[in-house]
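Visitor: I'd like a quick walk through this one, with the strands, pockets, cores and charged pairs in turn. Can you take my questions as they come?

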Amino acid sequence: MRVLPIYVFCIVSFVFVQDDLSLTFYQDQLLHANDNVIQKFPDVVAEDDYILHITWMEQENGHKNILYCKSFDGGTSFSDPVQVNHLDNHIVAYIQAGPKIRVRGEEILILFMDDRTGWTSPYLSSSVDGGETWQEEIILSDQPYLNAYPDMEVDIMGRIHISYYNYNVNYSLQDVRYTYTLPGGIEFMPSETLGIVSETAEPCDCCQPDMAISANGDVYLAYRNNIENIRDHYMVVRTYGDPYFSDPVQVSQHNDFIDFCPSSGPSITVTE
């Protein structure tokens with residue numbers, strides 16, 4: 001009998017299935033039992049040896065923070081949650097745009113939004129001791145105003161890739177930015193635009209884009225586009241070694257007319 005783990009999150013609960021044919025689920029496990037808090041927007045990454053790393057936003061009496069815990073046994077038990085962000089009560093999180101967690105070798109990375117400067121911006125915190133302690137978060141944006149809907153991926157060479165939406169002082173979408181580190185590094189290159197904002201089209205400025213990295217280092221970004229309220233899905237690609245992203249490619253052909261802000265964007269996965 002082959003064991004097939006399936007991780008299903010509602011708030012921060014966890015279940016998995018033992019047999020991929022019988023689909024018999026074990027009892028849910030609540031990661032942080034606390035009746036007085038709101039727990040939202042979890043993200044999880046699983047390593048090959050059944051180690052799970054989980055993060056989420058937790059709100060208590062209006063105070064929002066980013067928490068983390070892990071499991072060494074595929075979800076049978078979990079460590080006590082620890083707070084990731086060093087500065088309390090400046091976390092910004094909403095649907096699709098909660099914290100993101102990735103692993104780079106022995107390093108755990110968590111991306112989240114924070115408004116400590118007066119403008120929301122993406123921040124990154126890292127742990128080099130298995131999540132026991134967290135380095136003080138660093139700001140990732142090099143733009144002066146609101147920056148939101150960040151996404152993060154790590155490639156096989158150990159480079160961290162970040163994308164985010166960059167807004168003007170009047171909160172209109174200026175462009176979509178991209179930055180990355182050198183292999184194993186934590187210092188980010190100056191951000192660059194993806195070239196997907198124009199006079200006739202722009203990504204829906206309230207929908208999370210999704211980024212994926214291929215095994216050879218190609219960067220893919222999928223997003224919901226807005227062309228006079230026609231909001232199909234599009235994608236741009238930056239092949240490894242190319243200094244620029246491609247022109248947008250239309251992915252869906254639904255001719256979706258939506259004259260309001262949609263609540264979700266696309267998801268993308270690259271298979272080899």
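Visitor: In what order do the strands of the open sheet with strand 3 run?
Guide: Bear in mind that this is a predicted model. The sheet is open and has four strands, with antiparallel pairing. Strand 3 and strand 6 (82-83) are its edge strands, each pairing on one side only. Read across, the order is 3-4-5-6.

Visitor: How many bridges hold strand 3 and strand 4 together?
Guide: Strand 4 covers residues 52-60 and pairs with strand 3 in the antiparallel sense. Along the pair, V44 stands opposite I54 in strand 4, and K40 stands opposite M57. The count of bridges is seven.

Visitor: Which residue takes a positive phi in the hairpin of strand 3 and strand 4?
Guide: Look at the link between the two strands, which has five residues. One of the residues in this hairpin has a phi near 70°. That's Y50.

Visitor: Now the other open sheet: which strands are the edges of the 12-13-14-15 order?
Guide: Here too there are four strands, and the pairing is antiparallel. An edge strand pairs on one side only. In this sheet, that picks out strand 12 and strand 15 (192-193).

Visitor: What is the bridge partner of Y178 in strand 15?
Guide: Strand 14 and strand 15 run antiparallel and are joined by two bridges. Follow Y178 across to strand 15 and you land on E192.

Visitor: On to the pockets. Which element gives the largest share of the lining of the largest pocket?
Guide: This pocket holds about 250 Å³ of space. Its lining has 15 residues, and D43, Q96, K100, Q208 and D210 lie nearest the centre. Two elements give two or more residues each, strand 3 (38-46) and strand 8 (100-104). The largest share, three residues, comes from strand 3.

Visitor: How many residues of that lining are charged?
Guide: Split the lining of the largest pocket by class and you get six nonpolar and four polar residues. The charged ones come to five.

Visitor: And which elements give two or more residues to the second largest pocket?
Guide: That pocket has a volume of about 200 Å³. Its lining consists of V45, A46, E47, D48, R102, V103, G105, E153 and V154. By class, that's four nonpolar, one polar and four charged residues. The elements you're after are strand 3, strand 8 and strand 12 (147-154).

Visitor: How far apart in the chain are R102 and D43?
Guide: Side chains of opposite charge can pair when their charged atoms come close. R102 and D43 form a salt bridge, at 3.2 Å from N to O. R102 sits in strand 8 and D43 in strand 3, so the pair links distant parts of the chain, with R102 at 16% relative accessibility. Along the chain, they are 59 residues apart.

Visitor: Is D43 buried or exposed?
Guide: The cut-off for buried is under 20% relative accessible area. D43 has 19%, so it falls under that limit. The verdict for D43 is buried.

Visitor: Which residues join D43 in one salt-bridge network?
Guide: The total for the model is eight salt bridges. One of them is D155 with R159, the closest N and O atoms being 2.6 Å apart, and both of these residues are buried. Where salt bridges share partners, they join D43 into a network with R102 and E153.

Visitor: What is the relative accessible area of R116, which forms a salt bridge with D114?
Guide: The closest N and O atoms of this pair are 2.9 Å apart. D114 counts as buried, at 0% relative accessibility. R116 is partly exposed, and its value is 26%.

Visitor: Last stop, the cores. Which strand gives the most to the largest nonpolar core?
Guide: In soluble globular proteins, nonpolar side chains tend to be buried together. This core has 23 residues, and Y149, Y165, Y167, L194 and V236 have the most contacts inside it. Among the strands that each supply at least two residues are strand 12, strand 13 (160-167) and strand 19 (233-238). The top contributor, with four residues, is strand 14.

Conventions:
Residues numbered from 1 in each chain as written. Predicted model: local features only at pLDDT ≥ 70, side-chain atom pairs only at ≥ 80, totals over all residues. Heavy atoms only, no water. 1 Å grid on protein atoms, 1.4 Å probe; cavity = no way out; pocket = protein on both sides within 12 Å on 5 of 7 lines; lining within 4 Å. Points joined across faces, edges and corners; volume = space filled by probe spheres on them. Nonpolar A, V, L, I, M, F, W, Y, C, P; charged D, E, K, R; others polar. Pairing = 2+ DSSP bridges. Core = buried A, V, L, I, M, F, W, Y, C linked by side-chain atoms within 4.5 Å. Buried < 20%, exposed > 50% of the residue type's maximum accessible area, 1.4 Å probe, protein only. Salt bridge = Lys/Arg side-chain N within 4 Å of Asp/Glu carboxyl O.
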